[in-house]
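Trainee: I have a new model open and would like to learn how to read it. Can we go through it feature by feature?

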Amino acid sequence: PAGGGGVPPAVVCGEAALRVSCKKLDNGEHYVIRRPMIRGRLTMHVSTEETLNDLETIWTYAMREVLDVSKEEMPTLSCVLIVPANVCKVDVRMMVQVVLSRMG
């Protein structure tokens, strides 16, 4: 976590997630590293709901931190979800659900 002595964030996204240590945190817990997509497929190693929550968290982070768009602004914007032709239709349906229903 940036800042050194502060409380580590509950969720880490982006490049910072690549530097998450496997060492124990001050409270004795470890970060859990999850990848909601591997090789172009949604992973269901955890529940479907948790995978969709992870996608929403990552995309909301990207909108806020990379594109400087607040969560409140998202419903007022248009969106294009571009997916390769070989992506599973069920995965596309779930990604569209995240974009349209959960994010605005």
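Mentor: Start with R39. With a relative accessible area of 83%, R39 is exposed. Keep in mind that this is a predicted model.

Trainee: Where does R39 lie?

Mentor: In the loop between β1 and β2. Now look at its backbone. Phi of R39 is near 55°, which is a positive value in a residue other than glycine.

Trainee: Which other residue has a positive phi, near 60°?

Mentor: D68 has that value, and D68 is not a glycine. Its place is the loop between α1 and α2.

Trainee: Is D68 buried or exposed?

Mentor: Exposed, because its relative accessible area is 66% and the cut-off for exposed is over 50%.

Trainee: Next, charged pairs. How do I read those?

Mentor: The general idea first. Side chains of opposite charge can pair when their charged atoms come close. Now count them here.

Trainee: How many salt bridges does the count come to?

Mentor: The count is 7 salt bridges. Take R34 and D54. Their side chains meet in a salt bridge at 2.8 Å, N to O. The pair links distant parts of the chain, 20 residues apart: R34 is in the segment before β1 (37-38), and D54 is in helix α1.

Trainee: How does burial look for that pair?

Mentor: R34 is partly exposed, at 37% relative accessible area. D54 is buried, at 15%.

Trainee: Which residue forms a salt bridge with R41?

Mentor: D91 does, and the closest N and O atoms are 2.7 Å apart. Here too distant parts of the chain are linked: R41 sits in strand β2 (residues 41-42), D91 in helix α2, and 50 residues separate them. Check accessibility again. R41 is partly exposed, with a relative accessible area of 42%. D91 is buried, with a value of 2%.

Trainee: Which elements does the salt bridge between E49 and R102 link?

Mentor: Helix α1, which holds E49, and helix α2, which holds R102. The two residues are 53 apart in sequence. The closest N and O atoms of E49 and R102 are 2.7 Å apart. E49 itself is partly exposed, at 43% relative accessible area.

Trainee: Which residues are linked with E49 in a network?

Mentor: E56, K71 and R102. Together with E49 they form a network of salt bridges.

Trainee: On to cysteines. What is a disulfide?

Mentor: A disulfide is a covalent bond between the sulfur atoms of two cysteines. To find one, check the distance between the sulfurs. A search of the whole structure finds 0 disulfides.

Trainee: Why is C79 not bonded to C13?

Mentor: The sulfur of C79 is 17 Å from the sulfur of C13, its closest cysteine sulfur, so the two are too far apart for a bond. The cut-off is within 2.5 Å. Compare their surroundings too. C13 counts as buried, at 10% relative accessibility. C79 counts as exposed, at 53%.

Trainee: Now pockets. Where do I begin?

Mentor: With volume, then the lining. The largest pocket has a volume of about 560 Å³. Its lining has 17 residues, and the closest to the centre are V12, A17, V32, I33 and R34. You met R34 already, in the salt bridge with D54.

Trainee: How do the lining residues of the largest pocket split by class?

Mentor: Into 12 nonpolar, 2 polar and 3 charged residues.

Trainee: How much space lies in the second largest pocket?

Mentor: About 340 Å³. Its lining has 15 residues, with M63, S78, C79, V99 and M103 closest to the centre. Two elements give two or more residues to this lining: α1 (48-66) and α2 (89-102). Helix α1 gives the most, with 4 residues.

Trainee: How many charged residues are in the lining of the second largest pocket?

Mentor: None: the lining divides into 13 nonpolar and 2 polar residues.

Trainee: One last residue, S101. Where is S101 found?

Mentor: In helix α2. S101 counts as exposed, at 59% relative accessibility. Compare sequence with space here. S101 and P75 are 26 residues apart in sequence. In space, their C-alpha atoms are 9.9 Å apart.

How values were computed. Residues numbered from 1 in each chain as written. Predicted model: local features only at pLDDT ≥ 70, side-chain atom pairs only at ≥ 80, totals over all residues. Heavy atoms only, no water. Buried < 20%, exposed > 50% of the residue type's maximum accessible area, 1.4 Å probe, protein only. 1 Å grid on protein atoms, 1.4 Å probe; cavity = no way out; pocket = protein on both sides within 12 Å on 5 of 7 lines; lining within 4 Å. Points joined across faces, edges and corners; volume = space filled by probe spheres on them. Nonpolar A, V, L, I, M, F, W, Y, C, P; charged D, E, K, R; others polar. Salt bridge = Lys/Arg side-chain N within 4 Å of Asp/Glu carboxyl O.
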